[in-house]
Amino acid sequence: MKRFGLFLFALVAGCTTDTGKDSTDADAERVFGVSASGTASASTLTGIWESTSPTKSGTLEQLSRLELRDSFVVFAARCTMSGQTPVTVGGRAAATVSAQLVEIQGSINDIKSIGNAECGVTASAGSLPACTAEQSSVCFELTGSGLNMHQGQNGTLSYKKISD
Amino acid sequence: MQIALEVVAEHRRKRDAADLEEAQKSRPKPKQSSSP
């Protein structure tokens, strides 16, 4: 079991939440429909990124993907569990993405049930600057082979580029 | 304001137990009646 960050969840009957402002299941499905490309450039921020290590809890396993574009982001995850149909969650939010700053204008909040577990992603509106010598704890960093989202006490999410 | 990305993948029973524990912590303790 892993949880990163501090958030408020709005759970509704049926344990399904989908309150992302621009959230559509289609975006999450589309992002997970992309096949990993060996030619994706990890030196550019825009594109589709996949977590380097799935989150595991027993037989529950979750893989997250992050799509960064000039004017929007999609944050999505797919959960699998033994004996259960895989679940895809996620949503899109308006954003401004540049080499210096990722600024998300909306929020993403999508949680669904899978078996006796919950699978979800949340992203709050806000900004994250590129890492510098002075700012290295709350920032994003292109390492050349991947992307690290350093969120201070909320931990670091590490991604590898799968598509431009 | 800082962006915060979070992924949730957890068993409901564990979460329910954590929520219950948190609720119990935040619940005010009953006052003990003072005996004369």
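**Figure 1. Strand E3 of chain A is joined to strand E14 (residues 156–163) of the same chain in this predicted model.** The two strands run antiparallel and are held together by 4 bridges, and within this pairing A:Ser51 stands opposite A:Tyr159 of E14(A). E3(A), which spans residues 47–51, also pairs with E5(A), again in the antiparallel sense and over 4 bridges. In that second pairing, A:Gly47 has A:Leu68 of E5(A) as its bridge partner. E3(A) is mostly covered, with 4 of its 5 residues counted as buried.

**Figure 2. Helix H1 of chain A, residues 25–32, with its buried residues.** Three residues of this helix are buried, namely A:Asp27, A:Ala28 and A:Val31. Seen down the axis of H1(A), these buried residues fall within an arc of 100°, so they line one face of the helix. The elements that cover them include E3(A), E5(A), E6(A) and strand E7 (87–97) of chain A. For chain A as a whole, the secondary structure comes to 1 helix and 14 strands, and 36% of its 164 residues count as buried. Among the contacts of chain A with a separation of 6 or more, 54% are accounted for by residues 24 or more positions apart.

**Figure 3. The largest nonpolar core and the surroundings of A:Cys119.** This core has 40 residues, and those with the most contacts inside it are A:Phe75 and A:Cys119. E6(A) contributes the largest share of the core, with 6 residues. When residues up to four places away in sequence are not counted, A:Cys119 touches A:Gln62, A:Ala77, A:Cys79, A:Val87, A:Val89, A:Lys112 and A:Ile114 within chain A, and B:Val8 and B:Ala9 across the interface with chain B.

**Figure 4. The interface between chain A and chain B, with the pairing of strand E10(A) and strand E1(B).** In the predicted complex, 36 residues of chain A are in contact with 15 residues of chain B. Several strands of chain A each supply at least two residues of the side that touches chain B, among them E1 (2–3), E4 (55–57), E5 (60–68), E6 (72–80), E8 (101–104) and E10 (117–123). E10(A) gives the most to this side, with 7 residues. By class, the side of chain A that touches chain B has 19 nonpolar, 14 polar and 3 charged residues. E10(A) and strand E1 of chain B (residues 5–11) pair in the antiparallel sense over 7 bridges, and one position in this pairing is that of A:Thr122, whose bridge partner in E1(B) is B:Glu6. Chain B itself has 1 helix and 1 strand, and 22% of its 36 residues count as buried.

**Figure 5. A:Leu128 in strand E11 of chain A and the residues around it.** A:Leu128 is partly exposed, as it has 19 other C-beta atoms within 10 Å, whereas a residue counts as buried at 20 or more. Leaving aside neighbours within four places in sequence, A:Leu128 is in contact with A:Val102, A:Val138, A:Cys139, A:Phe140 and A:Met149, and also with B:Gln2 and B:Ile3 of chain B. One of these contacts, A:Phe140, is 12 residues away from A:Leu128 in sequence and 6.6 Å away in space, C-alpha to C-alpha.

**Figure 6. The hairpin formed by strands E12 and E13 of chain A.** E12(A), residues 138–142, and E13(A) pair in the antiparallel sense over 5 bridges, and A:Leu142 stands opposite A:Leu147 of E13(A). The hairpin has 4 residues between its strands, and A:Gly144 takes a positive phi near 105°.

**Figure 7. Predicted confidence in chain A, in chain B and in the complex.** Chain A averages a pLDDT of 86, with 85% of its residues scoring at least 70, and chain B has a mean pLDDT of 71, with 47% of its residues reaching 70 or more. For the complex, the predictor gives an ipTM of 0.74 and a pTM of 0.78. Over residues 1–23 of chain A, pLDDT stays under 50, although the model has 62 contacts beyond four places in sequence for this stretch. Where pLDDT is low, the predicted coordinates should not be read in detail.

Notes
Residues are numbered from 1 along each chain as its sequence is written. Chains are lettered from A and ligands numbered from 1 in the order in which they are written. This is a predicted model: local features need pLDDT of at least 70, side-chain atom pairs count only at pLDDT 80 or more; totals for chains, interfaces and linings use all residues. Two residues are in contact if their C-beta atoms, placed from the backbone, lie within 7 Å. Ala, Val, Leu, Ile, Met, Phe, Trp, Tyr, Cys and Pro count as nonpolar, Asp, Glu, Lys and Arg as charged, and the others, Gly among them, as polar. Two strands pair if DSSP finds at least two bridges between them. A residue is buried if 20 or more other C-beta atoms lie within 10 Å of its own, exposed if 12 or fewer, and partly exposed in between; C-beta atoms are placed from the backbone. The arc is that of the directions from the helix axis to the C-beta atoms. A nonpolar core is a set of buried Ala, Val, Leu, Ile, Met, Phe, Trp, Tyr and Cys residues joined through C-beta atoms within 7 Å. pLDDT is the predictor's confidence in each residue, from 0 to 100.
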